[in-house]
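Welcome to a short set of exercises on reading a protein model. Keep the viewer open and try each task before looking at its solution.

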Amino acid sequence: CGFQMRGSYQVPAQLSQVSVETPLRSEFTARLLAEFRQHNIEVVERDSDITHIEVLEDSLDRRVLSLLISGQVAEYELIYTVPVQVHTRDGRVESHQIQIFRDYQEDPNFALAKTRELELLLNEMRDDAVYRLMMLLTRLTWE
Amino acid sequence: NSNPPSLTEQCSAPPEWLPDPATHVGEGVNPVLHNAVMKNAVMNTAMDASVRADGSERLEVNADEFDMRRNNQASFRGNVEIRHLNQYIQTEQAQFNQAEGSLSATGGLVYTDGYVAVRGDSIEANTRTQTASINQLDYYLVGTSARGAARGLHITNVDNTRSLNFNRSSFTTCPGDRPPWEIRARSIEMNEDEGWGRARGAQVRLFNIPVLYVPSFSFPLTDERKSGFLHPTITSSGRNGIELAQPYYFNLAPNYDATVTPRYMSQRGIMGMAEGRYLDQRQLAQVNLELLDQDNDRPDEGSRSYWRVEHLAHINDNWSTYVDASSVSDVNYFNDFGSDFANRADSHIYRRGQADYSNNRWQGQLQIEDFQLLGPYQSAFRTLPRLSVDYDTGQPIRQGLRLDWQNELTHFERQSGSPEKASRFHTETGVSYLMRRPGWEWSSEGRMLLTHYEQTLIENDELVDRSITRALPELRLHGQLNFERPFSFSDQTGIQTLQPQVQFLYTPYRDQRNIGVYDSVPLQDDYNGLFRKRRFSGLDRIADANQVTVGATTSIFNQSAEELMRFSIGQIFYFDDSETQLFDNSTQITDTSSELAAEVDFRISSRWFFSASAQYDSELNQMQKSRSAVEYRKDNSNLIQLNFRQVRGLIGTETDVEQVGMLGSWQLRSQWSVAGHYYRDLGNSRTLDANFGVQYESCCWAVRLSAYRRIDRNFEGIQSQQSLSPAEFDNGLSLQFVITGLSNDRSSLAGMLQQGIFGYRRPFYLSD
Amino acid sequence: DVEYDSQQPIKVEADHEELDLRANRLTFRDNVIITQGSLRITADLLEVEGDNDAELGQGEVFVATGSPATYQQTVDEGVTVNAHANEIRFDSRRRVLTLTGSAEMRESGNQVTAERITYYVDELRATAERSEDSDERVRSIFQPRSNNSSQNEQNNGDS
């Protein structure tokens, strides 16, 4: 059916070196830097001909998905948003809102346990957001 | 025919008295942006190259008649145009004394500098000190719809940022002579750089009728900071009657400000709301206070209040602290008054205080967590404290080992002072080996977990001390293949990727029925859960597992590598039953395979989107859970979405959910628009939340009339665990009057969509 | 300065000189240079017209034309005025200079361009008007006095 194994690591030349600007101590950036290391992408000081990634403050929002008959929330949808601005080498500035969604069922009788679940989901969403940013970077620096 | 100018263009159109060449100076530059442009660009007005001298501070005058005396006193007459730096003056006659640098003009003039445009009687300016005084004028802030009149204006310029000082002046954002709202003040100061204005001895006029006197207040000129004074909202609701909220915004300093909002509710009384914010490089702090002293709707009860403190401090590169604590006076507070920090239907408030340490290998955290429950629920466990210390060597580049060692010491206590409490020490260490190639990836991971509990439990009504130790290994093998092929559709050629995954997970059974449940609960079993190592959250239940998960994801990318479609599907196959349970055997796994979980997001065209996810139980042959949404979206203000949600038996309950929702917003003509949403609970055949509104918007105010029906949750006085009666509803009409026009963005319709309890979420958000 | 110049004799040099006694007109042609103290006018053609006025009696008016005709005079220490125009009329007795035809005058950085500029040499006063036919208006440019240390602006020759 025409499928063959991917040949290259799909990391364009423009991404061999990048510079990153990020809020202090952001968990998302820690995971992003780890992902860069895995793809052998070197993080350097900002320079005119280096792709520059500006990560802004990430945020976690909630939206009600369904209610119980008593009017109490049954399910939430978690919306994790990371606004980023990518300054490509040819001077373009692309700003994007990376958004990841997860369903999350409320259980008010186990508040602490549900908070642990929320932390677990948040870390999974951060990893997804990092993967999504990598795909965005690949797309923007695609020759 | 070119389509009619948008509302924004109409509103911020320059007044007719501003002559065309003048608009050329810094035309349409919004104040904040203007400042950046002026700081470094030399303003090159109609100057041909040969004559241009090097100095940019020259003054150029065009006139019909010119007369220059010995002591360089020059006078001009006959449509005189003066240009100096970025200032432009047009008048009938003017005098300029070069020795002192003083310029004056009488008999009417127009002045502009790209920031403010003024038509006045006379002007005294000094080109050297860059100051100017104009009297009997009306003015207009270039690029916005802010305008007004004044008896005098004094312009000063400090290192290239202009500040204006009007006296006996008016301010409005409504064009035309009878502005719906206007401020008249003894003095108004505006600063171009900071983007805010301050009025003293001010009087608010609605349709030229004085309504309110305010000694001093500051208001935003751009939307750089919080929208402040000029956004009163008037709404009506069944619960609170007529509501009028009028925020006063005090810009105390560049890094701290305060907002005080008296909020009048006809059925309840006057609530005071206050917010303070502080920010510098090392820390951020925000305090919120809300107090309704006497609630006329509930006279026999005390005052109703809410407070909130949030503080983040970066002590140095390694240490930081964070506190987020808030509290409400009663469980129905959010339901009755709403809040920026919580949804009306929230079931608890989470409070925490923590100190974090991190360097590249080690991470530590000391944390205290607490809850305020907003309903008759089982009292929650607090962590007093929770100390965690983790070490991690980090993922290798292409191939190699990774070590991690995680420790946690936690002391649990129930909130209601019940004697149940426990201390838990947990340590786990893991080694994993990764091999990654372009076409495939393989990782194997082995872990050892050791946990010790010192508990005080209630067993058949008496207190028992029980200490338990649990040790168990965990093995995980994961492989993934990456396939690609060219894929052409309509006229484009893109690529399609296919990524199958397989994971084997083995954890032996340990009897954990004597361990209390402190922070464990069954995790959601959806597509994202298929490849998780654990099926319970926290550490009190680590489920035995002997299973393999098989899954695959395929995506289609167009020529510019945008992801148009993504489809994922997967299932877990169990070799043994998983006997670990939370309280009873309902959380055990006895089937041979999990539900088949699938997700699809599909951007059908530039305006049509489809998104769905489902979990199908192949043994019971029924759909356990599904959601789907289809949307037609022209832009942020013109969209229609239909969504459907179905859940058979929420975890741990017998309740089913079957819901359909429809929402949309549409711009009819440049100033009229409609928006609405409707959520129906098919299971209990009742409307959950509905809202339909019409909005009329003009330059400086907007009015929204909407009919709504929303859940009115009332848990007052219900004891814990008592069965909850079906909620009643609050229906009503809401009239919202909003003052707008300061910043250029119109109060978008999406705001109306967000207000509903269900809010609005774009169904498909993959690539843009 | 201006006072001293007005006492000096007016000298004219040129390649050709022509005297028309009947019309009481004197004409100089090619490389004409008129000097009076520090005042200096250059032109391609100079016509000297007799002009008798009731009170002032007999006098001459020098009409110099060139492409362009130029004028230069040191009006104060270190302050020279220079100008050019298609035609420069110099009325020596009334001490008035009239420049017409894309006239331009410079003095310590300041500059005026117009169709017609009238310069009262003794009062050091210049006036200019927009001509009826062309819509070209009077344009004046003033250098900021405070930092006008560089004097080079002043003695650069005419274009």
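**Exercise 1.** Does Asp58(A) count as buried, partly exposed or exposed, and at what relative accessibility? Then find its salt-bridge partner Arg126(A) and place both residues in the chain.

*Solution.* Keep in mind throughout that this is a predicted model.
- Step 1: Asp58(A) has 22% relative accessibility, so it counts as partly exposed.
- Step 2: Its side chain meets that of Arg126(A) in a salt bridge, at 3.7 Å from N to O.
- Step 3: This pair joins distant parts of the chain, 68 residues apart: Asp58(A) sits in the loop between strand 4 (51-55) and strand 5 (59-67) of chain A, and Arg126(A) in helix 2 (residues 111-140) of chain A.
- Step 4: Arg126(A) has a relative accessible area of 13% and is buried, because the cut-off for buried is under 20%.

**Exercise 2.** Which salt bridges does Arg304(B) form with Asp295(B) and Asp330(B), and which parts of chain B does the pair with Asp330(B) tie together?

*Solution.*
- Step 1: Begin with Asp295(B), whose side chain meets that of Arg304(B) at 3.0 Å, N to O.
- Step 2: Check the cover: Arg304(B) is buried at 2% relative accessible area, and Asp295(B) is buried at 0%.
- Step 3: Now turn to Asp330(B), where the closest N and O atoms of the salt bridge with Arg304(B) are 2.6 Å apart.
- Step 4: Arg304(B) belongs to strand 19 (residues 304-314) of chain B, while Asp330(B) lies in the loop between strand 20 (319-328) and helix 4 (333-337), so their bridge ties together parts 26 residues apart in sequence.

**Exercise 3.** Which residues form the nonpolar surface patch of chain B that includes Trp362(B), and which strands each supply at least two of them?

*Solution.*
- Step 1: Select Trp362(B), Leu366(B), Leu387(B), Val389(B), Trp405(B), Leu409(B) and Phe425(B); together they have about 600 Å² of accessible area.
- Step 2: Strand 22 (362-373), strand 23 (381-392) and strand 24 (399-414) each supply at least two patch residues.
- Step 3: Look at one member: Trp362(B) lies in strand 22 of chain B and is partly exposed, with a relative accessible area of 33%.

**Exercise 4.** In which sense do strand 2 and strand 3 of chain C pair, and which residue of their hairpin takes a positive phi?

*Solution.*
- Step 1: Strand 2 (residues 16-20) and strand 3 (residues 25-36) of chain C pair in the antiparallel sense, over 5 bridges.
- Step 2: Across the pairing, Asp20(C) stands opposite Arg25(C).
- Step 3: The hairpin has 4 residues between its strands, and Asn24(C) takes a positive phi near 50°.

Definitions and conventions: Residues numbered from 1 in each chain as written. Chains lettered and ligands numbered in written order. Predicted model: local features only at pLDDT ≥ 70, side-chain atom pairs only at ≥ 80, totals over all residues. Heavy atoms only, no water. Pairing = 2+ DSSP bridges. Patch = residues over 30% accessible without salt bridge, like charges linked within 9 Å, V, L, I, M, F, W, Y side chains within 5 Å. Areas by Shrake-Rupley, 256 points an atom, 1.4 Å probe, with all protein chains shown as cover. Salt bridge = Lys/Arg side-chain N within 4 Å of Asp/Glu carboxyl O. Buried < 20%, exposed > 50% of the residue type's maximum accessible area, 1.4 Å probe, protein only.
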